[in-house]
Amino acid sequence: MTQSQSLHILLIEDEHNIASNIGDFMSVKGHICDFAYHGEMGLQLALDNYYDLIILDLNLPGLDGLEICRQLREKSERHIPILMLTARDSLDDKVTGFSTGADDYLTKPFQLQELEVRCFALSRRHLLQTLHTLTLGPLTIDRKRKNAARNGKVLELHSKGLQILTILAEAYPQVVSRSQLTQQLWGDEPTESDAMRSHIYQLRSAVDKPFSYPIIKTVHGVGFVLDIKDEE
């Protein structure tokens, strides 16, 4: 996905002036925007049409942004990238947004140029997620063969470790919250409180310890992220 390619975007935003500004800017850049001004219409458009991504306001009449996220993740046959717009900028709000299915988060007010860059980044990540082989710097994950390698060396990973590494790679360069990771690994099933810590420790032993620098980083109070360098 290059920044000369156009995107088909669904914008769900009840503030008409904001929607108009985004739509005008994106149109000049060559993108196509569909609009919904309340939650129910936005959800129906998202389920009935193919979009490269959705720009979704958090505060909407009817269904709010969080509920739209939840329903899209439950009902849609494909993972539609979602960029959430909100005036709320607390850590708890961001964690809640990510845990309900948002892929990225932009706080109002924002620059339109940054919004477009975020949209391209989300589209690129989604493209990577649809490939059998995902490559990030020295790290390669083969979804079909269910293995991973770093610098060409196959890593000895248990199934949960490979699943965690794949989730982090698909989210790169975004941070994956602990709650989001727990939800994707175990769903609503109860799990031991130290299970995540144990799996992360084992994953780091395989992915980081034998190499010159760690690529799995802890973001204290939030979750985990990959730190990818081009060369080792």
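These legends accompany several views of one protein chain, taken from a predicted model.

**View 1. The whole protein chain, with its eight helices and 12 strands.** Its radius of gyration is 18 Å, close to the 17 Å that the globule rule gives for 232 residues, so the protein chain is as compact as a globular protein of that length. Along the principal axes, the C-alpha trace of the protein chain spans about 55 × 40 × 30 Å.

**View 2. Burial and contacts within the protein chain.** Of the 232 residues in the protein chain, 44% are buried. When contacts with a separation of 6 or more are considered, 57% of those in the protein chain are accounted for by residues 24 or more positions apart in the sequence.

**View 3. The packing of helix α6 against helix α7.** Helix α6 is formed by residues 159–171 and helix α7 by residues 178–186, and the two pack at an angle of about 130°, with their axes 11 Å apart. Because an angle of this kind falls neither under 35 degrees, nor over 145, nor in the range from 65 to 115, α6 is described as oblique to α7. The crossing of the two helices, α6 and α7, is right-handed.

**View 4. The residues through which α6 and α7 meet.** On the side of α6, the residues in contact are K160, Q163, I164 and I167, while α7 contributes L181, Q184, L185 and W186. Sorted by class, the contact of α6 with α7 has five nonpolar residues, together with two polar residues and one charged residue.

Notes: Residues are numbered from 1 along each chain as its sequence is written. This is a predicted model: local features need pLDDT of at least 70, side-chain atom pairs count only at pLDDT 80 or more; totals for chains, interfaces and linings use all residues. Side-chain values use heavy atoms; hydrogens and water are left out. Axes are lines fitted to C-alpha atoms, for helices over the stretch in contact, and angles run from 0 to 180 degrees between N-to-C directions. Helices (H or I, at least four residues) and strands (E, at least two) are DSSP runs, numbered from the N terminus. A crossing is left-handed if the near helix is turned anticlockwise from the far one by less than a right angle, and right-handed if clockwise. Contact means heavy atoms within 4.5 Å. Ala, Val, Leu, Ile, Met, Phe, Trp, Tyr, Cys and Pro count as nonpolar, Asp, Glu, Lys and Arg as charged, and the others, Gly among them, as polar. The radius of gyration is taken over C-alpha atoms; the globule rule is 2.2 Å times the number of residues to the power 0.38. Buried means under 20% relative accessible area, exposed over 50%, partly exposed in between (1.4 Å probe, protein chains only).
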